[in-house]
Amino acid sequence: MIDKNSPLPIYFQIEEQIKRQIENGEFQAHNALPSEREYAEQFEISRMTVRQAINNLVNDGYLYRQKGRGTFVADKKLEQQLNGLTSFTEDMKARGLNPSSRLLSFEIIPATKKIANELHISLYAPVYEIKRIRLADDVPMALETVYMSANLIKGLTEEIINLSLYQYVENYVKLKIDYATQTLESSIASDLEIAHLAIPKHSPILFIQRNTYLIDGTPLEFVRSAYRADRYKFTITINR
């Protein structure tokens, strides 16, 4: 219910009510919401107030719009804990989702200054460049570019990288992965990310850089990923 005498803005009360209806299962993923006009008539408020609430929920990833059809409940965001080192494949399987990749390109290139610095290798040394779309239950989640030293991991093939790189490195190459550092930034999706992730223009993304290291401190990979902000969120536990 909306309390017009409350100090809380009416648009905020509407947001919270819709969130509760989503969380308690009253609104399921891809259910259509009532129209702005219906909400305005129900609460006896202006459509502009309703629109502000809906816009905020769209921006926060709770809802999405389809032109000419209306506003719908979005899929629940996937949550990844940042206090453990897992691959995308391992993370999705742990959630009961089917992980897959769509390979865009796979080649050996000479290391640029940036890549050489990140991997602690010589300038122009051979590195694998792997560009792929990461999917969960066939839904695009991230656009990923991986760089690995071709002198460190020999014999990498398309068949191998379509599975789990971490499992291949540890189970077949017999190298022990120790830790990774990650940097997260927010950004607006580029045209390339919009096309590959099937998201609207001006959509927000979570841009992540990961540097993964072996037990002896040798860099294993340098990864740049663009995650859909409407489908993914990251959580970290901080101990005092």
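Buried means under 20% relative accessible area, exposed means over 50%, and partly exposed is in between, with a 1.4 Å probe and protein chains only. The model is predicted, so local features need pLDDT of at least 70 and side-chain atom pairs count only at pLDDT 80 or more, while totals for chains, interfaces and linings use all residues. Residues are numbered from 1 along each chain as its sequence is written, and side-chain values use heavy atoms, with hydrogens and water left out.

**Exercise 1. Describe the overall build of the protein and its division into domains.**

Solution. Start with the extent: along the principal axes, the C-alpha atoms fill a box of roughly 70 × 45 × 30 Å. Of the 240 residues, 42% count as buried. Next, count the elements, which are DSSP runs numbered from the N terminus (helices: H or I, at least four residues; strands: E, at least two); there are eight helices and 10 strands. Then take the domains, whose bounds come from an automatic or database domain assignment: domain 1 covers 10-73 and domain 2 covers 78-235, and their C-alpha centres lie 35 Å apart. Finally, an unreviewed UniProt entry carries the annotation "domain: HTH gntR-type" over residues 8-76, with the caveat that annotations may be inferred rather than shown by experiment. Over residues 8-76 the chain is 51% helix and 12% strand, with the end C-alpha atoms 26 Å apart.

**Exercise 2. Characterise the largest pocket by its volume and its lining.**

Solution. Fix the term first: on a 1 Å grid over the protein atoms alone, a pocket is an open set of points where a 1.4 Å probe fits, with protein on both sides within 12 Å along at least five of seven lines, and lining residues have an atom within 4 Å of a point. The volume, meaning the space filled by probe spheres set on the points, is about 610 Å³ for the largest pocket. Its lining has 23 residues, of which L63, Y64, P200, R228 and D230 are the closest to the centre. Two or more lining residues come from each of α3 (47-59) and β1 (63-66), and β1 gives the most, with three residues. By class, the lining divides into 10 nonpolar, five polar and eight charged residues. As for domains, at least three lining residues are drawn from each of domain 1 and domain 2.

**Exercise 3. Compare the burial of the partners in the stacked pairs Y64 with F72 and Y168 with Y172.**

Solution. Rings of Phe, Tyr and Trp (its six-membered ring) pair if their centres lie within 6.5 Å, and planes under 30 degrees apart count as stacked. The whole structure holds six aromatic pairs. In one of them, Y64 and F72 are stacked at 5.6 Å centre to centre, with 25° between the planes. Y64 is partly exposed because its relative accessibility is 24%, whereas F72, at 6%, is buried. Y168 and Y172 are also stacked, at 5.9 Å centre to centre and 25° between the planes. Here Y168 is buried at 16%, while Y172 is exposed at 64%.

**Exercise 4. Locate D137 and H202, and state the phi value of each.**

Solution. Most residues other than glycine have a negative phi. D137, however, has a positive phi near 50° and lies in the loop between β5 (126-136) and β6 (139-149); its relative accessible area of 41% makes D137 partly exposed. H202 has a positive phi near 70° and lies in the loop between α8 (191-197) and β8 (204-214); at 58% relative accessibility, H202 counts as exposed.

Definitions and conventions. Phe/Tyr/Trp six-rings, centres within 6.5 Å; stacked < 30°, edge-to-face > 60°. Nonpolar A, V, L, I, M, F, W, Y, C, P; charged D, E, K, R; others polar.
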